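Work through three short exercises on the structure below. Keep the sequence at hand as you go.

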Amino acid sequence: MKRIQLFEFEDFNWFPNWLRNCMTKLIVVLHKMMGISEVLAGLMAKALKGKKLSQIVDLGSGSGGAMPEVMKTLHETQGLEQVSLILTDLYPNPDCIRKFNQDTNDKISYSEIAIDATDIASAPEGLKTMINSFHHMPPDAARKILESAEKNQQALLIYEMAENKIPLLVWWVLLPISLIILMIMVLFMTPFVKPLTWKQVVFTYLIPIIPICYAWDGQASLPRMYSLKDVDQLLEGLGSERYKWEKGHALKRNGKKLGTFILGLPST
């Protein structure tokens with residue numbers, strides 16, 4: 001398997017929530033720049049309409065990531081105006097619970113109950129999604145997620161915005177340069193963060209903790225991602241007449257590749 005297990009700062013329980021939230025806001029800015037919401041909405045619309053589902057249950061949501069923007073796009077799609085979203089996490093973020101549950105008009109809520117992605121049966125009904133979070137799962141846990149979806153006949157969409165295709169040796173050689181580039185990117189992306197807080201500004205420009213953590217997590221995530229060949233290994237022995245798996249490159253409207261996906265759908 002090409003994937004290797006590195007650490008990311010946001011994986012640790014001791015990592016401050018405010019710092020994790022600041023990094024998530026930068027990822028949201030990056031998503032908008034790359035047009036990821038459009039790609040995700042297209043993938044989700046296919047599954048929602050095909051299986052006549054009216055709810056999305058996002059697993060490993062963290063601070064929400066790209067999903068609120070995806071919902072705006074989905075609600076502009078004919079037939080999906082009433083689709084709702086439940087954000088979930090193994091360690092629900094109290095700040096995010098307050099943020100997303102105070103307004104029900106956007107049809108987005110955050111579950112106060114801890115949801116383990118490896119036990120999909122414990123999650124509410126709907127299309128299960130994992131957006132840029134599957135790479136956090138070691139192979140045993142990743143396999144359990146896929147097995148759980150098939151066993152419980154639950155629709156599952158997994159998406160990663162990048163692809164693990166760089167040889168590991170090259171990744172190590174280029175790591176110092178890549179980290180510097182990402183830290184510089186943070187300086188230019190920060191003014192586009194909404195809402196822009198004093199912590200985001202201070203710990204970006206005066207005490208550059210955010211750029212350092214963001215750069216490392218961004219680079220460490222690449223070799224942690226499952227390549228499409230790795231996915232073949234994870235899916236070995238799965239799939240049947242009752243449940244079908246599909247994987248490949250996600251495409252923008254112009255046909256350009258933007259990340260990879262795994263889609264599991266019950267046949268009935």
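**Exercise 1.** Place serine 84 in its strand and decide whether serine 84 counts as buried or exposed.

*Solution.* Step one: find the element. Serine 84 belongs to strand E2, which covers residues 84–87. The model is a predicted one.
Step two: check the accessibility. The relative accessibility of serine 84 is 19%. Buried means under 20%, so serine 84 counts as buried.
Step three: list the neighbours. Leaving out residues up to four places away in sequence, serine 84 touches Ser54, Gln55, Ile56, Met71 and Lys107.

**Exercise 2.** Work out how the axes of helices H1 and H7 are oriented to each other.

*Solution.* Step one: locate the helices. H1 spans residues 17–34 and H7 spans residues 198–206.
Step two: read the geometry. Their axes come within 10 Å and cross at roughly 85°.
Step three: classify the angle. The range 65 to 115 degrees counts as roughly perpendicular, so H1 and H7 are roughly perpendicular to each other.
Step four: name the contact residues. H1 contributes Trp18, Cys22, Lys25 and Leu26, while H7 contributes Lys199, Gln200 and Phe203. By type, the contact has 4 nonpolar, 1 polar and 2 charged residues.

**Exercise 3.** Describe the second largest pocket and its lining.

*Solution.* Step one: state the volume. The second largest pocket holds about 860 Å³ of space.
Step two: look at the centre. The lining has 30 residues, and Lys25, Val28, Lys99, Lys194 and Pro195 are the closest to the pocket's centre.
Step three: trace the helices. H1, H3 (67–74) and H4 (94–101) each supply at least two lining residues. H1 gives the largest share, with 8 residues.
Step four: sort the lining by type. There are 12 nonpolar, 8 polar and 10 charged residues.

How values were computed:
Residues numbered from 1 in each chain as written. Predicted model: local features only at pLDDT ≥ 70, side-chain atom pairs only at ≥ 80, totals over all residues. Heavy atoms only, no water. Axes fitted to C-alpha atoms, helices over the stretch in contact; angles between N-to-C directions. Helix = DSSP H or I, 4+ residues; strand = E, 2+ residues; numbered from the N terminus. Parallel < 35°, antiparallel > 145°, perpendicular 65-115°, else oblique. Contact = heavy atoms within 4.5 Å. Nonpolar A, V, L, I, M, F, W, Y, C, P; charged D, E, K, R; others polar. 1 Å grid on protein atoms, 1.4 Å probe; cavity = no way out; pocket = protein on both sides within 12 Å on 5 of 7 lines; lining within 4 Å. Points joined across faces, edges and corners; volume = space filled by probe spheres on them. Buried < 20%, exposed > 50% of the residue type's maximum accessible area, 1.4 Å probe, protein only.
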